[in-house]
Structures are given as C-alpha cells and as structure tokens.
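Got a minute to look at a fold together? Below is a quick briefing to read with the viewer open.

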Amino acid sequence: MTTKKTMVLYPGLAVSHFLPMMQLADELLKHGYDVTVALIDSAFQQLINFPATVDRVASSKPTIRFHRLPRAKQSLSTITNDGDFLFLAYLDLVSRHNDCLHDFLSSMAPPGGVHALVVDSLFVEALDVAKRLNVPGYVFHAWNAGVFAIYLQLYLTRAEGQSSFRELGDTPLELPGLPPMPASHLIAEMLEDPESEVYKAIMDLFRRNIEYSNGFLGNTFESLEACVVNALKDGSPALPPFYCIGPLVEKRTTAERHECLAWLDRQPDRSVVFLCFGSTGMASHSVEQLREIAVGLEKSNQRFLWVVRAPIDSDDPEKEYDPSAEPDLDAVLPDGFLQRTSGRGIVVKLWAPQVDVLRHRATGAFGLVTAEKVEAKVRLVIESEVGRELRMRVTAHMEAAAVAWADDGKSRSWTTYGYAVTVALINPAFQQQINFPATVDRVVSSKPSIRFHKLPRVELSPATAADDDGDVFLLGYLDLVRRHNECLHDFLRSMPPDGIHALVMDSLSVVALDVAKRLDIPSFVFHSGNAGAFAIYLQLSSIHAEGDPSFGELGDTPLEIPGPPSMPASHIFDELLTHPESEVYKAVIDVSRRNAQNSNGVLVNTFESSEARVVNVLADRALPLFYCVGPFVEKAGERGHECLTWLHRQLERSVVFLCFGSTGAGNHSMEQLNEIAVGQRFLWVVRALPPLVAINDTQNLFDPCADPDLNALLPSGFLSRTSGRGIVVKLWAPQVDVLRHRVIGIEDEQVLMVEEMGVAVELVGSRVAAGACHGRGSGEEGEVGHGIRDRQCELRALITSLKEAVAVAWAIGGPSHLAFARMKTNNVVLYPCTAVGHLTPMMELAKVFLEHGYTVTVALLDDPLNPPVMSSNIEHVVASHPSVSFHWLHGAATFSVASDEHFLVRYFNLIRHNNEQLRRLLCSVLVPQAVHAIVIDVLCNQAIDVPRGLGIPAYGFFCSGASALAIYLQLPSLHAKSNASFGELGDTPLELLGVPPLPASHVPEHLLPHRESKIYKKYIDMCKKAPEFDGIVVNTFESLESRAVEALGDSTGFPPGCVLPPVYFVGPLVKRSGGSVSTEKHHCIAWLDGQPN
C-alpha cells in the first residue's frame, strides 16, 4: 500500500510543553499520518521529571518513532542558573542542534517524505531548517490563545523609541481581544532593558514566529477564548493562520495512583482548591511567600491540595537552586500549620499528577501571593455566588472541550484540511478585464498566508491582441492560457517533489489540464457559477450531435437537458449560435469536452439543497467527479460607495438590484436598455454599449471602461421620473455589499442575476439555469416590474430558506464542508459480499481501518432478491456503524435474469453488471487519487477491473481461513490436470500444498456438477481471477494455521502458473461483544445460560 505522510514533531524541554505535543502526535496518528518525534537531550537540571517523562511516553507509544538528536555542547558562557542566562542558554541549545536536525530530516526516506515540521514555541530557531529543506513549518503553542496573543501583538505594535515595558509600570496595555493588562504583569524577560541580550532574544523569538512559520497551532478551542481567537484570525495581515487544535491533555492510564488522589476521593464534589506552580521549578517561592500562602489557606477554612517545592532562599547553600530538592515542610511553613489543617488540606512535596487532580470531581479551583489574597480568592471560588458561577463556567468549558475534539469538531480542522495554498497568476493584457488588476492587488495584500506567483508574461498573438470582437476575444483568452502552459509547467516542476496535492483551475483555463497530466498531478476544474449552468456547459457536446441543425438554426426550439428545465436553443451561449464550423464554436465545444473527459473532478460554487434536482441528476450520470463546495462569496467590506448611502435611506427589502457581470461582456444594446422599466425601487448598474452598436463616440466604441452617457442611452426623462425611488450607477457597484444590505428585496449570499431582462429577478439556481448562460431577452416594457410584483412573496420565502441552507452547507459536517473531506488521501473503500458470514468480518475490518486513522466507505449491492434475514442484517450493520459511510449500488434495477439461473451465477453476473455503478461511486463520491485502496470480497472479484482501470490498489478479502484460501488458489490447476469434474472424482484424495489430503467430494459444492455447467465454469473463473489482486487479506492469524500460512508465504511450491499475490493475515475478525443495536438476547443464548459449564 502507498506510503503515509510523515509529520515530524520537535517538542520543548519542559513537561508542560512536551506532553501536549505528544497528545497532538496521537491525534495525527488517528488522521492517518506517520509521526516521528525528534528529541534534544537536555543537560538542564531545572527540568524536573523531564527525562523520566520522555522515557515513560516513548515506551507507551510504540507506533511513534522517537529519535534523539546527537548531543550538542552548550556554550560555556550560558551554563548558569541565572534566570536570564538560563533562557538564553535554552535558545542557544536549540540553535546548536539545527545542523543535527537538518541531517536527520534529510536522511528520512523517501525524499520529500516529511509532510510538515511542527516545532515548540521556544524552538522557532528550527524553522530555519524547515525553510532550507522547503518543508512547511508550524509552531505549536502549548498554552492558551490569550498568552500567545499578548506576545505576538506586543511585537507587532511596539515601535522603536517608545518607553520600555518596565518604564510603563502599571500602565494598562490595550490589545485586541484581551482585557487591559498592566505592563508590569508581563514576563520578566520583557521587563528588561530593550538593549539587553535577553530582551532582544525574546523579541527575535516573536519575530521568527511571525515571519518563518506556515501557521500556529494553539492548545485551545474556539468557544473557550472566542474574543482572542477572532482577534487573531481577523487581526494583522502579517500573522500566519491560527488553528485551535485543543484541548490536548494527557490521558493517564497507569494503575498506580498518587497518594493525593486517594485523599481527593474522600472529599465532596468541587470542594478542593488546587495550588501548583509549574513543572520546571522556575516558579518556586521564597519562605515568606510560602508562609503567606499557608496563612491564607488556613484562614479560608476551605479544603486544599498544595504542591510545595524547596524555597529559593533555603538555608542549605548546596540546594539553593536545585528544584529537585525536597522541602522541609516544618521549617518553611508556619508552626502547627499541618496539624491545624489536617483533614481538610494536604501538602504534597515537589510534584503531583496535575492532569489527574484537575480532572478529579473534588477539585473546584486552580491557582496566588499574600495571605489576604489567598484567603479572599479561595472564599470567592468556594463560598460565593460568583464562585458558583465560575465553577459552572468551568464545567461548561469542559463540555465544550469535549465537543471541540469530537468527530468533525473545530479543533480537528487543522488535521482535516491544513493545506498550504499557492496561486499561479497570468498577467492579462485584455482591456475588457475591468478592475481585475486592482482586485488582484487587493486580494494579495489581504491574504498573507497564501503564496501568489505571477507567471512570466506571454504576449497575445498579433491576430487577437488588438481585436475586441467578442468571438476573437474568447479565442484570444484561450490562446493566452495555452501560451502560458510551459511557464506553468516549469513553475510546478520547481516545487518540491510530491509536494503538490492537486491543481485546481478555472473553467476557462482547462487547456492547463495538459500540464497536470504531463506531471501526473491530480487536477480539478472550479466553476464559479451554479450547478445548472455547469450541467448545460458540461453536456454541450452530447446535446448537439454531428449533422443536427445548429443551435442558431433551432431558434426557440426547447433543449431537453438532464437536470435543468428545458431552455430555448436561442438562449444558449452566443458563441454556440454561430456556425458549427466557426473557430469560436469549436473552441467552446472543446472546452466543454476537456471539462468532461480530462479532469479528475469539478468543484462547483453551489450547495446541494439549493439545486437538488440538478445535483442529483449530475451525481447519477457518467460525468467526472462533482463536488458542491459553495457558496463562495467575498465577505462584505462596506467600501463606502455612493450607492450604499442611498440604500441606507430606503425601506427594508424594497429595492431591486440589477447588475450584469464585471467583465463588460454582459452589456446590452440600446433597445434592451430602453426596455428595462422597473416599477419598484431599484439600483441599476449600467455600462457603455457593447461592440458593434453604432454610436458617434468612436473612441469609446469597444472600451468596457468607457463612462456611459446615460441621457443618450436611457429613455428621455427616465432619470427625472424615477428620481428618489431609483438610482443608476455607472460601470460598477460593490455587489457583495449591495446584496447583503437590509433593503435589497432579492437577497442571498450567492450571486444574483436577471433571468431574462424583461421577465423577473431570480436567484441563481436550477430555476434560472437557462438565464445563467446569457442575460438575453426582449420583453415588453414594464415586464420586469410586473414579474417582480407577481412573484415577490414566493421569491422572498425561497431566498430565506436558501440563506438558512447556506449556513448549513458550510457548517462543520455540512455537505459543502464534507466535500473537501472527501478529497483526503486516506479513504479506504470496502466492497463486501452481503451474506452474513462475509459482511460481518468485513465490517470488523472496517473498524480496524478506522482505528488506524482511515476514512471508510462501504459499497453495498442493492439486490431486491435478498432474503429478508439478509436485508435485516444489512440494515442492522448500517445502523450500528455511524462512523462508516455506506453507498448503495443500484444496478439491479436494470438487471434481468432467467428464472432457473443458479443463485451464484446470478450473483456473479450482478456484480459485473454493477461495475459501472462502482466506477461512478469512485469517480463521483470519492477521488481516485484520494482512495488509498479498495478491499473487495473474493466473491465480488468480477469488480476488480474497475479499480485497476482507475489506478487504485485493489485487495481481495477472504473471510475464511488460510487453509481454505490455499485450496481456493489451487483449484484452477487441479481443474486443468483432469477432464473429470470434482464430483466425478468422488473421494479421490486431492494433494494440495499447505493442507492435508482432501477428498474431491469435499470441495465447494458448486464444483461438483458437470464441468460444462454454468456454475462450475463461473466458480473456476472466480478462482482464476484471485491472483490479479494486489494482495489478499485473510481472516486468520499465523499461529492458528501455520502450515497453510507458510505455504501461502512461499509460492515456489505451488503448481506452475499459480502466481500468488502478497497475503496478509489480519484475523481473527470476529464481531465484538456489545456492538448490537438491540439489547435483547436471542432465545438460544438464554437456553445456553441454563446449561452446565
């Protein structure tokens, strides 16, 4: 099977940094990645318990590879326990290991096999290595988003020459998403002199975070810190993407419990305050501070669990800075404290299992350092109404944390998508592209996490560069894309090997599919329009057969196109109303053909419920993969256009908006402009006349940027008669802002258009698929207003329901959201025989794949002749496996069979008949390149040609043991040696490799009839086909059938011509107890319960 992608994790040297990253490792394993952890062997004595923790975790995670980098010496000038120099030494140690890390990553196979490097927040020096190797680098922050936001934003907002943070004292720092915080509360390193080494080092740390990383992974979840997360996502464009992937907390499974947990077991729920100050020893207190805490705890009269370390001013000079020194509690705490608090408090030396304590039902608060503050805060948390609300809030956040890490939860989004995006741009020379260059510049500046690459400019051919005729413009556009193919090819080749997951191109750039094919890169076509227009566009070549009248000759004859409603031929694209032998007609048909035949799939800017009829038709036809991924609409920006000021003064949902595209290709003739008469309030965007319309201004004849002369174009007196209830805007209006305005009567988050200029305003969808081709028409004056009034209520109700459907489509788990999930590369498809003895072990295999991080899809044969007990079992299986996606193959509806046909012959034929259904599943629900493998029951091996034709690895599944498989594989050679059937051989022993001699009469009953019978031939053909699999998965284990296993592992002893694929022994796959939907015992189980052992 294909190699998994490898994630390399580079954790920090403190337990509190290391353990969350190891939880991230577990999650990456579940998502199908291989995980390697690179470790620095630290010599810092301050890192209490770190080496032991690493050893414990490494021994408990056998599926993760741990690699210790060669030890690098520390600089002598930084080997000290002073706080500042310890921090500098830490950073220096990381930097000194960069070459070791570089060599290790370079040695990993295959080349380019490292999918990404994830480094600890204090290890950002290592991002230099990732950059040198062209490996995406992410920074993991083990703490919350608030702390992270403080330091990143301070770096971004701190100007040179301002007062130092120390000089600011208690001046509040105002930071987006955070409450005001006194400057004096920053970490000590930021309160140093700005010219000090430690201050410069920490500011450089923040700089590297921003400039070198591809994204930040925060150990938090959105609902816990919504304000901060929103500020990080919507704040400075200089920041890389921020992903909430938490909470990542160690799951303790050890049977050995710390003594403090036994004490907690005896306390009431949420009654104990827990005090603990970190795992590195750097937060130890003085004797005075420890005594202040003790006094406060005693006066509070509340239960407590307190972890105490040796004070920093100990009388023993040998242990002054040793964080592992055991504290003398009698010496450091007030006299009699332990006795007076006995029973309601416990003091633990050095360390307590923090995760277990915080998860314990008895723990009510965490966290202080005068006695008065301790007493007040403890009483606040435990006794007051505020404290009760606080505890309730903590409980709510615990529940929210569980939701964040549930299937499809928000904290899984980084591992669900997590793609790096590069946009390749052509620099056009067409003057018709109104606003395009400025739009590109605006988007590029607002999306710093996306890489934009402008391909070298290739000039248009002289024949098309200077001609603005509509047909020639389209030909020039296609020619320009084609001329950039070599530039695109060179650019894609310059990227890391295997680094391109897919190429997605615009629907008019499909000539670039040739480049993707040459480089063997999966390619997808993006249609910015709706499914209705796409259905027409895709089926053009099949609609019009050679020799038929042209679309132009058909006039208003209705075109019957599967999916959209019938449409007059005259409403098709202008380019198709020309002669079929014209260059532009041929070009459009060629683009349609390339979309249908050359791409791996099509991404359409719509969502399923908005165009259900069209989507269902497209999904059932032999078309390329079809994904509804919309709606994609730019977020409104309220750019201050004059028309918005006018809209603010209008009544809610009272204004009709008319706009016909941004390229100028949708301009209308003077006759059409005169026919548009709106009886409602309106906002209308008007452009200059299109090419070939005779007006006196020859200089602006073909310029779509030309300022239209409204008095010349519109009916006399129109502007004065409609003043106050309508506004006409020249050239352009901010469409998104307008459509989202409260006064627009026809509103939605998708693009609006006019179906026919004299008929009605409609939402883009299957109802207006015809209009999506072109805004054509010549109705009577006043028809727009009349149509709007007649259908206003219906449209508003439809739009309201579709707005709700939009929200559902892009919600977590919604259809447009899941469309991207289907493009992941860890899909496994199972194709079982639906008999109980075959289906049950196959579903146990599905569970194994799920446990290894794969997404599982099961193809089920819809056979109306299944007996009731089999149909009931299938329903039970589907209901009891919610994590598996089931898809029915409905080919039986068109399958006929003789009444006297043997049931197995019928089954084999039905499998073959459903091959096209299976192909459609693999090519419309999934992506062939994203299917890791398909596992097919050996009884269904007539389907093997489908995955082989798509380049998908195919494995056979044998639900019985190795002995039965050995017999099965040798039957064709036995058949070839004799002219007699197995039935005719009777009890003659068959000598078979791997099993004892077998009487011929004991072979499967289907081989006992005459050799010329259909069932005999079909069964032998099935046995012959088995070696065509890439491997065979067997429901057994080696020690159970060692003789057969050994024979299957060495095909040299098998008869000549019997070529064995690799065989994998994965059993026993037996239904696990407790998996039944029903809790009712079968009567035979009840009878067995009454029998002796």
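What follows covers ring pairs, a sheet and one loop residue.

Keep in mind that this is a predicted model. A search of the whole structure turns up 13 aromatic pairs, and a couple of them are worth zooming in on. After that, have a look at an open sheet of seven strands and at Ser981, which sits in a loop between two helices.

**Aromatic pairs**

- Start with Phe148 and Phe216, an edge-to-face pair with 4.8 Å from centre to centre and 70° between the planes.
- Phe148 belongs to helix H6 (residues 145-157) and Phe216 to strand E8 (residues 215-218), so this pair ties together parts that are 68 residues apart in sequence.
- Phe148 and Phe216 are both buried.
- Next up are Trp684 and Phe718, also an edge-to-face pair, at 6.1 Å centre to centre and with 85° between the planes.
- This one links distant parts of the chain, 34 residues apart: Trp684 is in strand E23 (residues 681-686), while Phe718 is in helix H31 (residues 718-721).
- Trp684 has a relative accessible area of 2%, so it is buried.
- Phe718 comes out at 9% relative accessibility and therefore counts as buried, the cut-off being under 20%.

**Other ring features**

- Tyr10, Tyr90 and Phe123 come together as one aromatic cluster.
- Over at Tyr212, Lys131 lies over the face of the ring, at 5.0 Å from the ring centre.

**The seven-stranded sheet**

- Reading across the open sheet, the strand order is E3-E2-E1-E4-E5-E8-E9, and the pairing is parallel.
- At the edges you'll find strand E3 (65-68) and strand E9 (242-244), each of which pairs on one side only.
- From one strand to the next, the twist averages 25°.
- E8, the strand that holds Phe216, pairs with E9 in the parallel sense over three bridges.
- For a spot to check by eye, Leu217 stands opposite Tyr243 in E9.

**Ser981 and its surroundings**

- Ser981 is in the loop that runs between helix H41 (962-977) and helix H42 (982-985).
- Is this loop residue, Ser981, buried or exposed? Its relative accessibility is 2%, so Ser981 counts as buried.
- Setting aside neighbours within four places in sequence, Ser981 is in contact with Leu1008, Pro1009, His1010, Arg1011 and Tyr1016.

Methods: Residues numbered from 1 in each chain as written. Predicted model: local features only at pLDDT ≥ 70, side-chain atom pairs only at ≥ 80, totals over all residues. Heavy atoms only, no water. Phe/Tyr/Trp six-rings, centres within 6.5 Å; stacked < 30°, edge-to-face > 60°. Helix = DSSP H or I, 4+ residues; strand = E, 2+ residues; numbered from the N terminus. Buried < 20%, exposed > 50% of the residue type's maximum accessible area, 1.4 Å probe, protein only. Lys NZ or Arg CZ within 6 Å of the ring centre and 35° of its normal. Contact = heavy atoms within 4.5 Å. Pairing = 2+ DSSP bridges. Axes fitted to C-alpha atoms, helices over the stretch in contact; angles between N-to-C directions.
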